[in-house]
Amino acid sequence: MLAALAASLPFLSAPTPRSDPPDAPPLARDSDAQLPFSSFLSFLPRFLHPLLRTLLIHSLRLGPRPHHVAFIMDGNRRSARLRSLPVRVGHEEGFEALKRVLSFLLKLEIPHVTVYAFSIENFNRDPAEVDALMEMARGRLVEICRHGALLQQHGVQIRVLGRRDLLPLDVQESCAQAEAMTAHNTKGILNLCCPYTSQEEIATALKRTVDSCVSGSFPPEHITEQTLASNLYTAASPPLDILIRTSGVSRLSDFLLWQANESTTLHFIEPNWPDIGVADVLPPLLTYQAEAVVGQAQAVAERVVNWVWGGEKGRRKEE
């Protein structure tokens with residue numbers, strides 16, 4: 001219902017798929033990155049668009065907000081092929097979409113975001129595509145972390161999670177440099193999973209726990225679910241509230257299998273990742289807010305009932 005409501009409001013519609021040529025000019029800088037509304041608004045002066053976004057962001061900030069949102073950024077290749085463009089263009093556009101989504105979420109003061117950037121299984125793809133992704137990682141990781149850029153503006157640190165030893169040495173150096181550039185930021189964390197699979201993460205957490213037991217620093221009988229959770233790559237982030245996957249595919253694809261627990265809401269949306277818009281991010285946020293408000297109301301009602309019932313029982317005893 002929320003998705004239908006968002007779709008019915010023109011200024012919240014998802015963007016129309018692009019048909020940019022390969023030599024299109026670069027997109028907005030980090031500081032100007034905006035999650036798009038819709039081409040339907042083309043008849044309105046563009047200077048009104050920031051105002052509409054600001055009003056929406058301030059409205060959402062009045063309610064409860066999730067602490068941790070994750071994305072499976074699917075559909076970069078599909079988006080490029082639909083327009084007969086090189087796959088590399090789709091990945092470049094996907095990175096620009098990531099900046100726009102991050103900008104939107106960070107303005108909402110959502111402190112933890114985790115994205116599935118590259119699976120360990122992706123090394124099996126066409127070598128030319130893998131090389132293009134590695135080339136993009138070399139420069140873009142540092143770009144998004146530079147002084148005055150998106151993460152620095154919002155005080156967010158980046159953490160590259162997964163089997164970094166599988167990456168080329170110069171990409172590993174870019175990962176370390178990006179983390180060092182944002183290490184002093186304390187307002188939030190961007191977890192960039194690259195290269196990553198959840199099963200490998202859980203196996204690593206188990207190995208770390210076993211090593212602690214073997215070294216004598218941790219008794220085996222004290223192992224709990226929380227023990228393993230503290231050894232996950234995402235241990236510095238709170239439990240996962242929302243998981244969103246683009247491109248209409250309803251699979252988790254070995255991503256955050258441990259973290260996606262009974263409190264996590266899953267949303268599988270139609271647009272390819274480069275075409276993600278406000279209308280795609282809004283329904284999951286509104287759903288979270290609605291459930292949180294209902295939960296708070298139920299908790300208050302239960303306390304009132306317990307207080308009234310407890311007082312009634314006390315009066316009956318006195319009688």
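# Close-up views of a predicted model

E92, E96, K99, R140 and E143 are joined to one another in a network of salt bridges. Keep in mind throughout that this is a predicted model.

**View 1. Inside the network, E96 meets K99 within helix α4.** The salt bridge between E96 and K99 brings their closest N and O atoms to 3.3 Å apart. Both residues belong to helix α4, and they sit three residues apart, about one turn of the helix. Are E96 and K99 buried or exposed? Both E96 and K99 are buried. As general background, side chains of opposite charge can pair when their charged atoms come close. Across the protein, the count of salt bridges comes to 15.

**View 2. A salt bridge in helix α5 joins E135 and R138.** Here the closest N and O atoms are 3.0 Å apart. Because E135 and R138 are three residues apart in helix α5 (residues 127-143), about one helical turn separates them. E135 counts as exposed because its relative accessibility is 51%, and the cut-off for exposed is over 50%. R138, with a relative accessible area of 26%, is partly exposed.

**View 3. E109 and R61 form a salt bridge between distant parts of the chain.** Their side chains meet at 2.8 Å, N to O. Where in the chain do E109 and R61 lie? E109 is in the loop between α4 and β2, while R61 is in the loop between α2 (49-60) and β1, and the two are 48 residues apart. E109 is partly exposed at 48% relative accessibility. R61 is partly exposed as well, with a relative accessible area of 30%.

**View 4. Six strands make up an open, parallel sheet.** Follow the strands across the sheet and you will meet them in the order β3-β4-β2-β1-β5-β6. Which strands are at the edges? They are β3 (156-161) and β6 (265-268), each of which pairs on one side only. Neighbouring strands in this sheet are turned by 15° against each other on average, direction ignored. Helix α4 (residues 87-107) packs on the sheet, where it touches β1, β2, β3 and β4. The direction of α4 makes about 160° with that of β2.

**View 5. Strand β2 pairs with β1 and with β4.** Strand β1 (residues 68-72) runs parallel to β2, and five bridges connect the pair. In this pairing, F71 stands opposite V115 of β2. Strand β4 (residues 188-193) is also parallel to β2, again over five bridges. Y116 stands opposite C193 in β4.

**View 6. Strand β2 is largely enclosed by the rest of the structure.** Why can β2 be called largely enclosed? Five of the five residues of this strand (residues 112-116) are buried, so the rest of the structure largely encloses β2. Both faces are covered: H112, T114 and Y116 are buried on one side, and V113 and V115 are buried on the other.

**View 7. At the edge of the sheet, β3 runs parallel to β4.** How many bridges join β3 to β4? Six bridges hold this pairing. Among the residues to look for is V156, which stands opposite G188 in β4.

**View 8. Q289 is a buried residue of helix α10.** This helix covers residues 278-318. The relative accessible area of Q289 is 12%, so Q289 counts as buried, the cut-off being under 20%. Which residues does Q289 touch, leaving aside those up to four places away in sequence? Its contacts are L60, G63, P64 and R65.

**View 9. A nonpolar patch on the surface is formed by V300, V304, W307 and V308.** Together these residues have about 420 Å² of accessible area. V300 lies in helix α10. With 41% relative accessibility, V300 counts as partly exposed.

**View 10. Stepping back, the whole protein has ten helices and six strands.** Of its 319 residues, 47% count as buried. The accessible surface comes to about 16500 Å², and carbon and sulfur atoms account for 58% of that. What share of contacts between residues at least 6 apart in sequence joins residues at least 24 apart? The share is 78%.

How values were computed
Residues numbered from 1 in each chain as written. Predicted model: local features only at pLDDT ≥ 70, side-chain atom pairs only at ≥ 80, totals over all residues. Heavy atoms only, no water. Helix = DSSP H or I, 4+ residues; strand = E, 2+ residues; numbered from the N terminus. Buried < 20%, exposed > 50% of the residue type's maximum accessible area, 1.4 Å probe, protein only. Contact = heavy atoms within 4.5 Å. Patch = residues over 30% accessible without salt bridge, like charges linked within 9 Å, V, L, I, M, F, W, Y side chains within 5 Å. Areas by Shrake-Rupley, 256 points an atom, 1.4 Å probe, with all protein chains shown as cover. Salt bridge = Lys/Arg side-chain N within 4 Å of Asp/Glu carboxyl O. Pairing = 2+ DSSP bridges. Axes fitted to C-alpha atoms, helices over the stretch in contact; angles between N-to-C directions.
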